[in-house]
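Student: I am new to this structure and would like a careful look at a single part of it, taken slowly. Please choose the charged side chains around the beginning of the chain, and tell me how they sit among the elements around them.

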Amino acid sequence: MAGVEPLKARRLYLLLRDRIISGEDRPQTRLPSEPMLAEQHGVSRVTVRRALDKLAGEGLIERRPGSGTFVAGRRTEAPVTADFSNLLTHLVEMGRRTEVRLLSFGYVTPPPAVAEALGLAAGERVQRAVRLRLIDGAPFSYLITHVPERIGVSYSEAEMASTPLLELLERSGIVADRASQTIGAALAGPDLAEALGLEIGAALLSMTRVVQGVDGEGIEHLHAFYRPDLYSFRMDLVRTGPGDARSWTPVGPARKGATRSRGQAAARAETETHQRRSTVRRGSTPRKTTP
């Protein structure tokens, strides 16, 4: 029975948190008193207090002595948002906006999956680093990077602790040209939970990214874990294509007021291309135009 109350406290915390995050309980709304919450949910006041303590620790509620407990004013979007359409620029900007703590730095033999992703030769080592990134003093990401040793020797441990990795790579003459990444979900193990200030088993965003240079060589492998309450991914889309074949297509972020015209231009260009191809397939000769 010892584990029953902690489970009930977590269930109540998640229930109240969902109501706050969804906007059902608006900022500055007063929550029911502890005795009332205990009666409503069939739990003890100690259980209610544990749930409220966690909400307060996350800045979701404010306790006002003599007045009660209120939903805190809070941004609806995560403090850090990654833009898919301008990924490499975002990485440098985020490195400048946030604080980083270097947890480990060394040269090791990479795991087989990392060696394969980077296209390393047999026995080739990598520079491995583990960093914790924070915003406003709160940890939001846990980053494990592997860089081929021949590139990693161009920067020091002190530089890694103070400068975005992409800047260090490009300073050494390596140009990041493209990247591929996979996003999923993970659960926080003991080390991750402690580093990110979460409970063991908490849900995380998981992302694996492989960055390549201009000639296609692998220059960085990143495995990152993010707190979903402090980090999010964004992609801007427009509808393109003709008729029933219209679909969503990723685009760069438009300036305010320009999204519609950009989307319409992309759709029109796609439609015109399709029409020209259809004309040629039917055996018609496209009419020449004056350059």
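**Charged side chains around the first helices**

Tutor: Let us begin with Arg19, which has a relative accessibility of 30% and therefore counts as partly exposed, since that term covers values between the 20% limit for buried and the 50% limit for exposed. Please keep in mind throughout that this is a predicted model. The side chain of Arg19 meets that of Asp25 in a salt bridge, with a distance of 2.9 Å from N to O. Asp25, for its part, has a relative accessibility of 8% and so counts as buried. In this pair, then, a partly exposed arginine is joined to a buried aspartate.

A little further along the chain comes Gln28, which is in the loop between H1 and H2. The phi angle of Gln28 is near 75 degrees, a positive value in a residue that is not glycine. With 42% relative accessibility, Gln28 counts as partly exposed.

Beyond that loop we reach helix H2, which covers residues 34-41, and helix H3, which covers residues 45-57. Two packed helices are described by the angle between their axes and by the distance between those axes. For H2 and H3 the angle is about 110 degrees and the axes are 9 Å apart, and H2 and H3 are therefore roughly perpendicular to each other, because angles from 65 to 115 degrees are given that description. On the H2 side the contact is made by Glu34, Pro35, Leu37 and Ala38, and on the H3 side by Arg45, Val48, Arg49 and Leu52. Sorted by type, the residues of this contact comprise 5 nonpolar and 3 charged ones, with no polar residue.

Among the charged residues of that contact are Glu34 and Arg45, and these form a salt bridge in which the closest N and O atoms are 3.8 Å apart. Since Glu34 lies in helix H2 and Arg45 in helix H3, the pair ties together parts that are 11 residues apart in sequence. Glu34 is buried, its relative accessible area being 18%, whereas Arg45 has a relative accessibility of 44% and so counts as partly exposed.

We can now step back to helix H1, where Lys8 lies. Leaving out residues up to four places away in sequence, Lys8 touches Gly42, Val43 and Thr47. The C-alpha atom of Lys8 is 8.8 Å from that of Val48, although 40 residues separate the two along the chain, and Val48 is one of the H3 residues that meet H2. The relative accessibility of Lys8 is 33%, so Lys8 counts as partly exposed.

Arg10 takes us to a far part of the sequence. Side chains of opposite charge can pair when their charged atoms come close. Here the side chain of Arg10 forms a salt bridge with that of Glu199, at 2.7 Å from N to O. Arg10 belongs to helix H1 (residues 4-22), while Glu199 sits in the loop between helix H9 (190-196) and strand E8 (203-213), so that this pair links distant parts of the chain, 189 residues apart. Arg10, at 30% relative accessibility, counts as partly exposed, and Glu199, at 34%, likewise counts as partly exposed. Lys54 joins Arg10 and Glu199 in a network of salt bridges.

To place this part within the whole, the structure holds 13 salt bridges, and the protein chain has 10 helices and 12 strands. Buried residues make up 37% of the 291 residues in the chain. Of the contacts between residues at least 6 apart in sequence, 58% join residues at least 24 apart.

For contrast with the pairs above, consider Arg131 in strand E5, which spans residues 126-135. Arg131 is buried yet has no salt bridge, the nearest side chain of opposite charge being that of Glu220 at 4.9 Å, and a salt bridge requires the nitrogen and the oxygen to be within 4 Å. Apart from neighbours within four places in sequence, the residues in contact with Arg131 include Val100, Leu102, Leu103, Tyr142, Leu143, Met160 and Leu165, and Arg101 is also among them.

How values were computed
Residues are numbered from 1 along each chain as its sequence is written. This is a predicted model: local features need pLDDT of at least 70, side-chain atom pairs count only at pLDDT 80 or more; totals for chains, interfaces and linings use all residues. Side-chain values use heavy atoms; hydrogens and water are left out. Axes are lines fitted to C-alpha atoms, for helices over the stretch in contact, and angles run from 0 to 180 degrees between N-to-C directions. Helices (H or I, at least four residues) and strands (E, at least two) are DSSP runs, numbered from the N terminus. Angles under 35 degrees count as roughly parallel, over 145 as roughly antiparallel, 65 to 115 as roughly perpendicular and the rest as oblique. Contact means heavy atoms within 4.5 Å. Ala, Val, Leu, Ile, Met, Phe, Trp, Tyr, Cys and Pro count as nonpolar, Asp, Glu, Lys and Arg as charged, and the others, Gly among them, as polar. Buried means under 20% relative accessible area, exposed over 50%, partly exposed in between (1.4 Å probe, protein chains only). Lys and Arg count as positive and Asp and Glu as negative; His and the chain ends are not counted.
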